[in-house]
Amino acid sequence: MAGPLVSMNARERRLLAMIGFAAGLLLLLALPFALDVVVRMNSAENGELRQALSDVQDARGRVRERQAKKEAIAARYARKAPSLAGYLEQAAHAQKLEVPDSTPLPDVPHGKRYVEHGTSIHLRKTGMLALSRFFESIERSGYPVAIARLDVRKRGGEEDSYDVEVGIASYDRSEPPPSPAASESSKP
C-alpha cells in the first residue's frame with residue numbers, strides 16, 4: 001500500500017514542504033507573541049493586585065488612626081465627671097476664689113450615648129491670674145468637662161477685679177442597651 005506522499009509528484013511535494021515550512025515558521029514566530037500577550041495580561045493582573053495590596057496597607061493606617069481616636073474618646077469618658085457644684089467649688093477654693101452661688105442646669109441629651117450636665121457659677125471680685133488658673137485646673141482635670149459660657153464684667157474703680165459668670169458642662173457617656181438580637185444570641 002502506497003502512502004499519500006508517494007502518489008504525489010515532485011512539484012506537489014515541494015509545495016507541501018514549503019507550506020509545512022511556512023506553518024512551522026509561523027508557529028515559531030507566533031509562540032513568542034502569544035507568550036508576550038499572556039505575560040502582559042498577567043503583569044496587568046499583578047499590577048492590579050499590587051494596587052489592591054497597597055490600598056489595604058494604606059487603609060490599615062487610617063483604621064489604626066480611627067481606632068486610636070475611638071480609644072482616646074472611650075478613655076476620656078471612662079472616668080465619670082464628679083458632681084459639678086462640689087468639684088467647681090473645690091477647684092475655685094484651690095485658687096483662692098469664692099463661689100457665692102451655683103445654679104444647676106437641666107441635663108441635655110446629645111444623641112443616644114451622651115448626656116450634658118451643666119452648672120452656672122458666679123465668681124465675685126476675682127483677678128485674671130486666679131481666673132485663668134481656675135480655668136486651667138478645669139481643663140487639666142482629665143474629666144470630660146468644658147467651659148460652655150463665659151461672661152466677664154469689669155468692676156468699676158478696682159484694678160484687676162472682675163465679676164465672672166461661668167457656665168460649665170460635663171459630659172457622661174452611657175453604653176447603649178444591647179439589641180434584642182444580640183441578647184438572644186448570648187443565651188444558651
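Helices and strands here are DSSP runs, helices of at least four residues and strands of at least two, numbered from the N terminus. With that in hand, welcome to the tour of this predicted model.

**Stop 1: the whole chain**

Show everything as a cartoon and follow the chain from its N terminus: the elements come in the order α-α-β-β-α-β-β-α. That makes four helices and four strands. Now switch on the surface. The accessible area is about 14,200 Å², and carbon and sulfur atoms hold 60% of that. Of the 188 residues in the chain, 21% are buried. Another thing to keep in mind as you rotate the model is how far along the chain the partners lie: among contacts with a separation of 6 or more, 61% join residues 24 or more positions apart.

**Stop 2: helix α2**

Select residues 84–94, which form helix α2. Which residues of α2 are buried? Colour L84, Y87, L88, A91 and A92, and you have them. Turn the view until you look down the axis of α2: these buried residues fall within an arc of 130 degrees, so they line one face of the helix. On the face turned away from that buried side, pick out Q90, H93 and A94, which are exposed.

What do the buried residues of α2 pack against? Show β2, α3, β3 and β4 to see their partners. Before you leave, step just past the end of α2 to K96, which takes a positive phi of about 60 degrees.

**Stop 3: helix α3**

Next, select residues 128–139, helix α3. Try a quick check with the distance tool: at 1.5 Å a residue, the 12 residues of α3 should span 16 Å, and the end C-alpha atoms are indeed 16 Å apart, so the two agree.

The buried residues in α3 are A130, L131, F134, F135 and I138. Look down the axis once more: the buried residues of α3 fall within an arc of 135 degrees, so they too line one face of their helix. Exposed L129 and E139 sit on the face turned away from the buried side of α3. To see what covers the buried residues of α3, add the elements around them, including α2, β2 (114–126), β3 and β4 (162–173).

**Stop 4: the aromatic pairs**

Show the aromatic side chains as sticks. How many aromatic pairs are there? The count is two. Start with Y87 and Y143, whose rings are edge-to-face, 5.8 Å centre to centre and with 80 degrees between their planes. Why is this pair worth a closer look? Y87 belongs to helix α2, while Y143 is in the loop between α3 and β3 (145–154), so the pair ties together parts that are 56 residues apart in sequence. Both rings belong to buried residues: Y87 has 13% relative accessibility, and Y143 has 19%, where buried means under 20%.

Now move to the other pair, F134 with F135: this one is tilted, with 5.8 Å between the centres and 45 degrees between the planes. F134 is buried at 0% relative accessibility, and F135 is buried at 16%.

**Stop 5: a charge over a ring**

For the last stop, select K154 and Y162. Where does K154 lie relative to Y162? K154 is over the face of Y162, at 5.2 Å from the ring centre.

Conventions
Residues are numbered from 1 along each chain as its sequence is written. This is a predicted model: local features need pLDDT of at least 70, side-chain atom pairs count only at pLDDT 80 or more; totals for chains, interfaces and linings use all residues. Side-chain values use heavy atoms; hydrogens and water are left out. Buried means under 20% relative accessible area, exposed over 50%, partly exposed in between (1.4 Å probe, protein chains only). Contact means heavy atoms within 4.5 Å. Accessible areas come from the Shrake-Rupley method with a 1.4 Å probe; for residues, only the protein chains shown count as cover. Rings of Phe, Tyr and Trp (its six-membered ring) pair if their centres lie within 6.5 Å; planes under 30 degrees apart count as stacked, over 60 as edge-to-face and the rest as tilted. A charge sits over a ring if NZ of Lys or CZ of Arg is within 6 Å of the ring centre and within 35 degrees of the ring normal. The expected span of a helix is 1.5 Å times one less than its number of residues. The arc is that of the directions from the helix axis to the C-beta atoms.
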